[in-house]
Amino acid sequence: MPVLVITGTGTEVGKTVVTAAVAATALAAGRSVAVLKAAQTGVRPDEPGDAAEVARLAGAVTTAELARYPEPLAPATAARRAGRAPVHPREVAEAAAKLATEHDLVLVEGAGGLLVRFDPAGGTLADAARLLSAPVLVVASAGLGTLNTTELTARELRSRGLDTAGIVIGSWPAVPDLASRCNLADLPDVAGAPLLGSVPAGSGALAPAAFRAGAPQWLAPRLDGTWDAAAFQVRQAPPAF
């Protein structure tokens with residue numbers, strides 16, 4: 001898995017924190033890691049973006065950002081409004097492939113969901129994943145509504161012949177409600193892919209040392225961690241009806 005594409009089922013589901021957790025866990029396993037942010041939106045030139053946040057939390061990763069647009073919009077829209085060149089899927093794939101020649105693992109973080117447009121032609125992160133023949137890790141929310149958005153994302157990946165590496169819950173609440181507990185069993189079913197982790201809510205606010213110590217416990221062995229999906233489901237099982 002030299003390149004892993006990380007998408008979300010929507011915005012604000014925890015993609016950047018999950019990317020940081022995957023990076024920190026890989027670093028702890030002795031792997032060299034690069035993080036590529038295809039298009040950063042809603043951040044000024046003098047502000048740290050998502051790739052910088054991953055580096056802050058995870059540690060010594062190589063970071064790259066192909067384009068930055070000031071307004072918090074879909075990349076194609078933000079580029080058009082800023083009068084700047086858009087990012088194209090081929091550019092994302094070429095940058096990731098180059099990083100892969102120099103690192104054990106390249107994490108490509110998207111913007112928003114899988115089909116958010118990069119350019120006027122409708123190019124998306126899914127197109128970049130296809131060009132790379134890379135698996136896609138889907139970051140999902142925990143609660144009500146996540147089954148629909150997760151299944152839609154997984155179906156789109158399958159329709160394009162792309163491999164869904166698994167699902168990671170981007171923000172597991174300290175006090176999960178009934179829907180969140182039930183979703184632990186239902187998410188792998190609707191996605192047709194394994195549950196590969198659950199990141200506790202608020203993890204992005206941890207000190208970097210605490211984040212790096214905790215990250216391997218939040219991710220499954222396929223992502224170099226120690227998290228056990230079956231044991232987690234037993235601990236979080238909903239009460240009987």
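This report describes an annotated lysine, the largest pocket and the aromatic ring pairs of a predicted model.

## The annotated lysine

In an unreviewed entry, UniProt lists Lys37 under "active site". Within the predicted model, Lys37 belongs to strand S2, which covers residues 33-37. Is Lys37 buried or exposed? With a relative accessible area of 3%, Lys37 is buried, because buried means a value under 20%.

Leaving aside residues up to four places away in sequence, Lys37 touches Asp50 and Ala51, then Ala64, Glu65 and Leu66, and also Glu109, Gly110 and Ala111. One of these contacts, Asp50, is also among the residues that lie nearest the centre of the largest pocket, and helix H2, which spans residues 50-58, supplies at least two residues of the lining of that pocket.

## The largest pocket

The largest pocket holds about 670 Å³ of space, and 34 residues line it. Which of the lining residues lie nearest its centre? They are Thr11, Glu12, Lys15, Thr16 and Asp50.

Several elements each contribute at least two residues to the lining of the largest pocket, namely helix H1 (15-28), strand S3 (40-41), helix H2 (50-58), strand S6 (105-113) and strand S8 (164-172). Sorted by class, the lining comprises 14 nonpolar residues, 14 polar residues and six charged residues.

## Aromatic pairs

How many aromatic pairs does the count come to? The count comes to three aromatic pairs. In one of them, the ring centres of Trp172 and Phe232 lie 5.4 Å apart and the ring planes meet at 70 degrees, so this pair is edge-to-face, the cut-off for that class being over 60 degrees. The pair joins distant parts of the chain, since Trp172 lies in strand S8 and Phe232 in helix H9 (residues 229-235), with their positions 60 residues apart in the numbering. Both Trp172 and Phe232 are buried.

Another pair is formed by Phe211 and Trp218, whose ring centres are 5.2 Å apart and whose planes stand at 75 degrees, so this pair is likewise edge-to-face. Phe211 counts as buried at 0% relative accessibility, and Trp218 is buried as well, with a relative accessible area of 10%.

Ring pairs also link Trp172, Trp227 and Phe232 into a cluster. Strand S8, where Trp172 is placed, is one of the elements that supply at least two residues of the lining of the largest pocket.

How values were computed:
Residues are numbered from 1 along each chain as its sequence is written. This is a predicted model: local features need pLDDT of at least 70, side-chain atom pairs count only at pLDDT 80 or more; totals for chains, interfaces and linings use all residues. Side-chain values use heavy atoms; hydrogens and water are left out. UniProt positions are given in the numbering used here, feature names are shortened, and annotations may be inferred rather than shown by experiment. Helices (H or I, at least four residues) and strands (E, at least two) are DSSP runs, numbered from the N terminus. Buried means under 20% relative accessible area, exposed over 50%, partly exposed in between (1.4 Å probe, protein chains only). Contact means heavy atoms within 4.5 Å. On a 1 Å grid over the protein atoms alone, a cavity is a set of points where a 1.4 Å probe fits but cannot get out, and a pocket is an open set with protein on both sides within 12 Å along at least five of seven lines; lining residues have an atom within 4 Å of a point. Grid points are joined across faces, edges and corners, and a volume is the space filled by probe spheres set on the points. Ala, Val, Leu, Ile, Met, Phe, Trp, Tyr, Cys and Pro count as nonpolar, Asp, Glu, Lys and Arg as charged, and the others, Gly among them, as polar. Rings of Phe, Tyr and Trp (its six-membered ring) pair if their centres lie within 6.5 Å; planes under 30 degrees apart count as stacked, over 60 as edge-to-face and the rest as tilted.
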